[in-house]
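This report examines a protein model together with its bound ligand. The reader is invited to study the sequence and the structure before turning to the account below.

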Amino acid sequence: MRIIVPNQVQMLITPGKLLAQINSPKDLKKLDQVQLVQVCEELRQFIVDNVSVYGGHFGASLGVVELTVALHYVFNTPHDQLVWDVGHQAYGHKILTGRKEVFHTNRVYKGISGFPKRKESEYDTFGVGHSSTSVSAALGMAVASKYQGLNEKQHIAVIGDGALTGGMAFEGLNHAGVSDTNLLIILNDNCMSIDPNVGALKDYLTDITTSRTYNRLKDDVWKMLGKLSTFGKNAQEIVSKVENGIKSTLLSQSNLFESLNLRYFGPVDGHDVDHLVAILNDLKAIKGPKILHCVTVKGKGYGPAEKGNATTWHAPGTFDKITGEIYKKVHVEPQAPKYQDVFGHTLVELARQNEKIVGITPAMPSGSSMNIMMKEMPERAFDVGIAEQHAVTFSAGLATQGLIPYCNIYSSFMQRAYDQVIHDVCIQNLPVNFCLDRAGFAGADGPTHHGAYDIAYFRCIPNMIVAAPMNEQELRNLMFTAQLPRTEQAFSIRYPRGQGVMPNWRTPFEKIEIGKGRMIRDGEDVAILSFGHIGNYAVEACQVLNKKGISVAHFDLRFAKPLDEALLHEVFTRFSKVITLEDGCIVGGIGSAVLEFMVDNQYTARVKRLGIPDRIVEHGEQLELHQECGMDPAGIVVAVQKLLEVPVNQR
Ligand SMILES: Cc1ncc(C[n+]2csc(CCOP(=O)(O)OP(=O)(O)O)c2C)c(N)n1
């Protein structure tokens with residue numbers, strides 16, 4: 001892949017002496033094992049230097065520095081396949097596999113991706129961003145190798161304890177246990193998801209990490225495994241003897257993974273690089289699916305992250321690496337809040353008035369601001385782990401009993417729970433409220449996180465209301481409306497990442513009539529129909545066009561389903577030129593809905609649909625991506641001018 005380094009970004013950071021010589025794992029392998037401790041130190045420093053200046057994910061990559069170095073030292077990557085789950089912890093992997101020189105472009109528009117990506121490097125064996133896929137992907141690779149007779153090829157999935165709470169990970173484990181493949185699953189257990197990890201599995205992992213009986217038994221196993229190298233070819237036999245010796249005892253009966261037919265090793269200290277190299281070398285000789293449980297610390301080696309709040313240091317933004325002070329923008333003017341915070345506070349306000357309201361988040365308490373309700377009303381707000389499917393069906397169950405669930409899921413993660421929305425909520429016509437955060441371009445996280453598809457994928461489902469607020473007041477009013485007595489229909493409210501537009505946002509609640517849009521400004525030459533927050537770009541564009549003598553009418557549709565048919569009749573009666581605008585995929589989105597209305601009602605008009613085009617849009621600032629897709633204010637101005645066939649000024 002050709003990486004264009006943006007002009008304004010300079011390479012200011014120099015790697016340490018050993019790291020400077022490492023351009024691929026081949027270089028790493030040339031070093032003596034005793035030098036690996038220093039490599040780890042330099043790699044850690046390089047990550048700290050870069051993230052403190054350019055931002056990005058942080059704590060997770062620091063926590064797997066030793067694992068990363070040991071894996072690339074021991075295994076023959078990229079022939080051996082290394083799959084990172086989620087991928088936010090793979091900075092060390094990227095730096096060791098040829099991307100050190102461009103690492104400062106991480107997550108920058110046209111720079112390298114913040115996640116492993118197949119087209120970026122042959123070392124990135126599988127594209128990630130969403131959680132809990134690594135076991136299935138690595139198992140697929142392992143089964144393919146077995147089928148092709150590549151019996152020596154190794155396949156390694158690195159999965160966090162958070163990602164292990166996702167159902168898909170268990171679907172993979174269930175299959176892996178009977179696969180007889182060269183699959184090594186490394187469980188990177190730091191007791192944290194983005195927020196503290198939750199659920200019974202977390203307690204189980206802590207139990208097996210701390211249980212004395214269990215660990216005495218495990219030590220015996222390791223003593224025997226320690227003899228492996230001496231036995232050479234007979235290693236296999238020794239292992240099965242060890243295994244047979246313990247099969248009937250505590251290990252197989254009390255160990256979840258053993259009971260799934262996966263050989264379980266550990267727990268081991270994930271920060272002892274020497275020990276990790278020795279263990280990984282041993283495990284290489286052991287055929288079949290196996291799991292190594294590594295205990296690590298998120299933020300390891302950087303004091304403020306290690307000792308401070310791990311959630312804050314998951315992705316802290318830029319910071320002073322000496323003092324650990326996280327930089328915050330200082331504003332003179334009062335600022336509009338983030339939509340997520342308007343959601344969080346409004347939910348608590350509504351819940352105080354309506355005791356039936358409950359909140360559900362799949363592992364995103366901080367990201368969605370559900371943590372505000374979790375703190376104030378712990379018995380009424382639930383973090384269910386990285387389990388979107390469960391979150392939706394759990395909400396459906398709550399609704400059957402008369403409660404009013406607000407299930408908050410990022411738009412892109414909701415893709416995981418599509419069947420549950422249809423099968424468990426909409427077919428049964430249950431009144432579940434969905435709040436879809438990060439709808440539209442997610443920004444630096446890129447295509448795995450863009451909330452591109454929800455308008456299209458929700459508006460085709462019967463018994464589903466699809467709404468989007470243009471500002472904070474509308475979000476509050478939609479949330480208020482969604483809790484008014486109703487015995488059927490799911491109600492979805494989508495809003496973007498980042499700030500709204502109203503510094504004074506605590507407005508009194510008002511009911512919004514379902515399926516009713518509103519006129520923002522009247523005009524004569526062309527009508528813009530916008531959906532959601534992106535309508536604010538249209539407001540700017542209208543002002544510019546007005547100065548150019550072009551009179552634009554602007555309508556905020558508010559609902560993609562049901563559509564405001566009266567409003568659309570008025571628009572198509574009065575206007576022959578119409579622009580639709582949405583921060584979602586053009587295919588099947590609100591523009592498509594408007595076209596369907598037009599055709600179904602025998603109107604004719606020239607319609608230009610603005611939105612996310614039918615291709616994968618990479619990462620960058622939200623505005624950069626909107627510009628790329630011609631849906632920023634300047635792009636809207638151009639679209640209007642083209643539609644009116646007036647000369648288009650340079651942007
Ligand atoms: C399907 C899905 N839901 C939610 C997320 C958001 N998310 C990113 S990282 C993360 C926590 C992962 O925890 P863990 O696997 O333990 O890794 P750690 O950060 O602790 O190293 C979550 C919830 C996601 N990436 N994918």
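Pro562 lies in the loop that links strand E15 (559-561) to helix H26 (565-574). In this predicted model, Pro562 is joined to Lys561 by a cis peptide bond, with omega at about -5 degrees. Another cis peptide bond connects Thr77 and Pro78, and its omega is about 5 degrees. Pro78 belongs to the loop between helix H5 (65-74) and strand E1 (81-84). Such bonds deserve notice because most peptide bonds are trans.

The backbone also calls for attention in the loop between helix H6 (91-99) and helix H7 (134-147), where Arg107 is found. The phi angle of Arg107 is near 70 degrees, which is a positive value in a residue other than glycine. Ser132 is likewise placed in the loop between H6 and H7. Ser132 is not a glycine, yet its phi is positive, at about 75 degrees. As a general rule, most residues other than glycine have a negative phi. Is Ser132 buried or exposed? Ser132 counts as buried because its relative accessible area is 1%, under the cut-off of 20%.

A further loop, between strand E7 (381-383) and helix H20 (388-400), contains Gly385. Gly385 has a relative accessible area of 2%, and it is therefore classed as buried. Its C-alpha atom is separated by 48 Å from that of Ala605, and the two residues stand 220 residues apart along the chain.

The next topic is the strands. Strand E16 comprises residues 577-585 and is mostly covered, with 8 of its 9 residues buried. Which strands pair with E16? One of them is strand E13 (residues 526-531), which runs parallel to E16 and is joined to it by 5 bridges. In this pairing, Ala527 stands opposite Val578 of E16. Strand E17 (residues 606-612) also pairs with E16 in the parallel sense, over 6 bridges. Here Lys577 is found opposite Arg606 of E17. Between E16 and E17 the chain passes through helix H27 (residues 590-600), forming a right-handed β-α-β crossover.

The final topic is the ligand. How many residues surround the ligand? There are 23, and the closest are His88, Gly162, Met192, Lys298 and Glu388. The shell of residues around the ligand divides into 9 nonpolar, 10 polar and 4 charged. Three contacts with oxygen atoms of the ligand are set out in the table.

| Residue | Part of the residue with the N or O atom | Distance to an oxygen atom of the ligand |
|---|---|---|
| His88 | side chain | 2.7 Å |
| Met192 | backbone | 2.8 Å |
| Lys298 | side chain | 2.7 Å |

The ligand on its own has 580 Å² of accessible area, and the protein covers 97% of this area. The table also shows how the part of the residue may be read: Met192 contributes a backbone N or O atom, whereas His88 contributes an N or O atom of its side chain, as does Lys298.

Key: Residues numbered from 1 in each chain as written. Predicted model: local features only at pLDDT ≥ 70, side-chain atom pairs only at ≥ 80, totals over all residues. Heavy atoms only, no water. Near = heavy atom within 4 Å. Polar contact = N/O pair within 3.5 Å; in protein donor to acceptor, adjacent residues only side chain to side chain. Areas by Shrake-Rupley, 256 points an atom, 1.4 Å probe, with all protein chains shown as cover. Nonpolar A, V, L, I, M, F, W, Y, C, P; charged D, E, K, R; others polar. Buried < 20%, exposed > 50% of the residue type's maximum accessible area, 1.4 Å probe, protein only. Helix = DSSP H or I, 4+ residues; strand = E, 2+ residues; numbered from the N terminus. Pairing = 2+ DSSP bridges. Right-handed = clockwise from strand over helix to strand, strands pointing away.
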